[in-house]
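Student: Please take a close look at a single part of this model, the sheet, and go through how the strands are arranged and what surrounds them.

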Amino acid sequence: MKLIAGGNVVRTTTGRDAENLCWNSWNVSDLIGQTAKVEAIDTSPSSWGRINVDQITLGDLLSA
């Protein structure tokens, strides 16, 4: 997964080559006010690939 803002990749994460999905999160407070997109790409060199993505959650949790 890539997070792209301002035409640049600003965050990345990869799977763990397993069927079990694991939580991951990014602090994006440095990107406030920017438009961003999430991109999921299979970069496997084999002819068989799989992308499992579940529950992408966006929020604006701010601590006092």
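Tutor: What follows goes through the sheet strand by strand and then turns to some residues around the strands. The model is a predicted one.

The sheet is open and has three strands, in the order β2-β1-β3, with antiparallel pairing. β2 and β3 stand at the edges and each has a single partner strand, so one side of each has no neighbour in the sheet. On average, neighbouring strands of the sheet are turned by 30° against each other, direction ignored. As background, strands of a sheet pair through backbone hydrogen bonds, in either a parallel or an antiparallel way.

Take the pairing of β1 with β2 to begin with. Strand β1 covers residues 2-5 and is joined to β2 by four bridges, the two strands running antiparallel. Together β1 and β2 make a hairpin with two residues between them. In that turn, G6 has a positive phi of about 60°. A5 of this pairing stands opposite N8 in β2.

The other pairing is that of β1 with β3, which is antiparallel and also has four bridges. Here A5 has A36 as its bridge partner in β3. A5 is therefore placed opposite N8 of β2 and is bridged to A36 of β3, which fits the order β2-β1-β3. L3 has its own bridge partner in β3, namely V38.

Strand β3 also holds K37. With a relative accessible area of 48%, K37 is partly exposed, because that value falls between the limits of 20% and 50%. Leaving out residues up to four places away in sequence, K37 touches K2, L3 and I4. K37 and T12 are 25 residues apart along the chain, and their C-alpha atoms are separated by 12 Å.

V38, the partner of L3, is also part of a nonpolar surface patch of about 490 Å², made by V38, I51, V53, I56 and L58. One of these, I51, lies in the segment after β3. I51 counts as partly exposed, at 45% relative accessibility. The patch thus includes V38, a bridge partner in β3, and I51 from the segment after that strand.

Last comes the loop between β2 (8-12) and β3 (36-39), where S29 is found. S29 is partly exposed, at 48% relative accessibility. S29 and V10 are separated by 19 residues in sequence, and the C-alpha to C-alpha distance is 12 Å.

Conventions. Residues are numbered from 1 along each chain as its sequence is written. This is a predicted model: local features need pLDDT of at least 70, side-chain atom pairs count only at pLDDT 80 or more; totals for chains, interfaces and linings use all residues. Side-chain values use heavy atoms; hydrogens and water are left out. Buried means under 20% relative accessible area, exposed over 50%, partly exposed in between (1.4 Å probe, protein chains only). Two strands pair if DSSP finds at least two bridges between them. Contact means heavy atoms within 4.5 Å. Patches are made of residues with over 30% relative accessible area and no salt bridge: like charges are joined within 9 Å, nonpolar side chains (Val, Leu, Ile, Met, Phe, Trp, Tyr) within 5 Å. Accessible areas come from the Shrake-Rupley method with a 1.4 Å probe; for residues, only the protein chains shown count as cover. A salt bridge is a side-chain nitrogen of Lys or Arg within 4 Å of a carboxyl oxygen of Asp or Glu. Axes are lines fitted to C-alpha atoms, for helices over the stretch in contact, and angles run from 0 to 180 degrees between N-to-C directions.
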